[in-house]
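Good morning, everyone, and thank you for making time for this. I would like to walk through one protein chain with you, going from the whole fold down to a few single residues.

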Amino acid sequence: MQSKTIRFDFRSDTVTRPTPQMRSAMAAAEVGDDVLGDDPTVKTLEARVAARFGKEAGLLLPTGTMANLAAIMSHCQRGEEFLCGTEAHAYLWEAGGAAVLGSVQPQPLPVRPDGTISIDDLRAAVKADDPHFAITRLVTIENTFVGRILRQDYVDEVVGFARDRKLATHLDGARIFNAATGLGVSVASLAEGFDSVSVCLSKGLGAPLGSILVGDVALIARARRWRKMLGGGMRQAGIFAAAGLYALDHHVDRLIDDHANARALAQGLSGIKGLTVTPPQSNMVFVTLALELANGLSEALRDRGIAASFWPGGRMRWVTHLDVDSAAVDEAIGAVREFAETRR
Ligand SMILES: *Cc1c(COP(=O)(O)O)cnc(C)c1O
């Protein structure tokens with residue numbers, strides 16, 4: 001059954017569509033064959049993102065999944081492993097690519113409610129040099145993690161731990177610009193100490209696709225080879241690199257609006273009986289619904305052209321972005337309130 005047209009899509013910030021101005025920038029992009037190293041727009045984007053993150057080099061990939069995979073494969077050899085959280089994107093949400101395609105074993109560790117992995121757990125998970133074990137090579141963490149911004153002292157502790165144990169570090173910074181916005185700091189300061197960082201252009205930044213991996217020259221050269229092997233070597237990719245450049249110029253400073261909209265949404269929803277709302281730290285609002293609301297809310301919202309993400313157990317997620325403004329937020333709050341009143 002086809003549901004009604006979605007007018008306000010709060011399911012994810014991946015749903016953003018390129019604006020007319022972004023499309024103009026894409027149409028005007030100077031391009032060449034990037035596999036041959038001839039696309040000036042791709043080169044500009046890679047260099048600009050690398051500089052912005054305080055790293056030597058950058059690599060444009062079609063997706064964040066491929067960026068994480070190419071990073072893991074560039075850090076780890078066959079038979080080695082990486083430490084990560086049980087809910088880490090690179091472990092849980094990427095179809096097991098590191099294991100399947102990289103022959104790299106993930107070692108998932110428990111994640112505490114604040115989104116951190118305890119340093120003791122990390123320490124205990126580093127394997128001894130013994131033929132029974134995979135060789136521990138890499139630690140990966142994520143910022144933001146499920147909408148939460150990691151405390152910088154914790155991030156520093158993880159990086160320090162990895163350095164002591166001579167482990168490499170990868171930061172899955174799919175939404176690192178949201179973390180930087182929330183803290184009012186530069187992305188370079190959040191990337192400091194990491195050997196590689198991946199960042200998505202296709203989420204809050206509003207580009208149609210693309211992720212950038214940054215790191216030192218040697219690491220990025222290895223990742224470039226893996227990207228080709230994984231099928232991610234793209235030809236006139238300047239068309240979407242131009243969208244990334246446009247996003248850096250025009251869609252970073254406005255992330256603060258998404259965070260304000262998320263707070264307004266959380267505030268409005270928390271006033272409705274039967275909803276338990278977690279105060280947002282970035283552009284994601286998590287809500288738990290009382291039993292009587294869990295059934296039917298999704299459909300009631302869809303009837304009004306509003307979409308959000310629903311999970312079993314009455315859990316739901318709202319994500320704010322470029323394509324939902326404060327009027328959309330007000331309408332969403334109103335729609336939930338009306339539905340809740342019918343269930344009294
Ligand atoms: C979205 C996301 C990715 C990459 O996703 P793609 O859909 O492959 O671009 C990686 N890590 C995190 C934390 C993400 O949210």
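I will begin with the overall shape, then turn to one helix, one strand residue and a few places in the loops.

Please keep in mind throughout that what you see is a predicted model. The protein chain has 15 helices and 13 strands. Its radius of gyration is 21 Å, which is close to the 20 Å that the globule rule gives for 344 residues, so the chain is as compact as a globular protein of that length. If you follow the C-alpha trace along its principal axes, it spans about 60 × 50 × 40 Å.

How much of the chain is buried? Of the 344 residues, 53% count as buried. When we take the contacts between residues at least 6 apart in sequence, 74% of them join residues at least 24 apart. As for the outside, the chain exposes about 15,500 Å², and carbon and sulfur atoms supply 52% of that area. There are 37 positive and 40 negative side chains, and the centres of these two sets lie 3 Å apart.

Let me now turn to helix H11, which covers residues 238–250. At 1.5 Å a residue, its 13 residues should span 18 Å, and because the C-alpha atoms at its ends are indeed 18 Å apart, the expected length and the modelled length agree. This helix is mostly covered, with ten of its 13 residues buried, and among them are Phe-240, Leu-245, Tyr-246 and Leu-248. Which elements do the buried residues of H11 pack against? They pack against helix H1 (20–27), helix H2 (40–52), strand E2 (57–61) and helix H8 (176–183).

My next example is Ser-211, which sits in strand E8, residues 211–215. Is Ser-211 buried or exposed? Its relative accessibility is 1%, and the cut-off for buried is under 20%, so Ser-211 counts as buried. Although Ser-211 and Leu-59 are 152 residues apart along the chain, their C-alpha atoms are separated by 8.2 Å. Leaving aside neighbours within four places in sequence, the residues in contact with Ser-211 include Leu-59, Leu-60, Leu-61, Val-199 and Cys-200.

Finally, we come to the loops and their backbone angles. Most residues other than glycine have a negative phi, and most peptide bonds are trans. With that in mind, look at the peptide bond from Asn-143 to Thr-144, which is cis, with omega near 0°. Thr-144 lies in the loop between strand E5 (135–142) and helix H7 (152–164), and Val-146 is also placed in the loop between E5 and H7. Val-146 has a positive phi, near 45°, and at 34% relative accessibility it counts as partly exposed.

Ala-95, in the loop between helix H4 (89–92) and helix H5 (97–102), has a positive phi of about 60° although it is not a glycine. Ala-95 is exposed, with a relative accessible area of 75%.

The last residue is Glu-87, found in the loop between strand E3 (80–85) and H4, and it is partly exposed, with a relative accessible area of 34%. Not counting residues up to four places away in sequence, Glu-87 touches Leu-92, Trp-93, Val-111, Phe-145 and Val-146, and the last of these is the Val-146 whose positive phi we have just discussed. By contrast, the C-alpha atoms of Glu-87 and Leu-36, which are 51 residues apart along the chain, are separated by 37 Å.

Definitions and conventions. Residues numbered from 1 in each chain as written. Predicted model: local features only at pLDDT ≥ 70, side-chain atom pairs only at ≥ 80, totals over all residues. Heavy atoms only, no water. Helix = DSSP H or I, 4+ residues; strand = E, 2+ residues; numbered from the N terminus. Rg over C-alpha atoms; globule rule 2.2 N^0.38 Å. Buried < 20%, exposed > 50% of the residue type's maximum accessible area, 1.4 Å probe, protein only. Contact = heavy atoms within 4.5 Å. Areas by Shrake-Rupley, 256 points an atom, 1.4 Å probe, with all protein chains shown as cover. Lys, Arg positive; Asp, Glu negative; His and termini not counted. Charge placed at Lys NZ, Arg CZ, Asp CG, Glu CD. Expected span 1.5 Å × (residues − 1).
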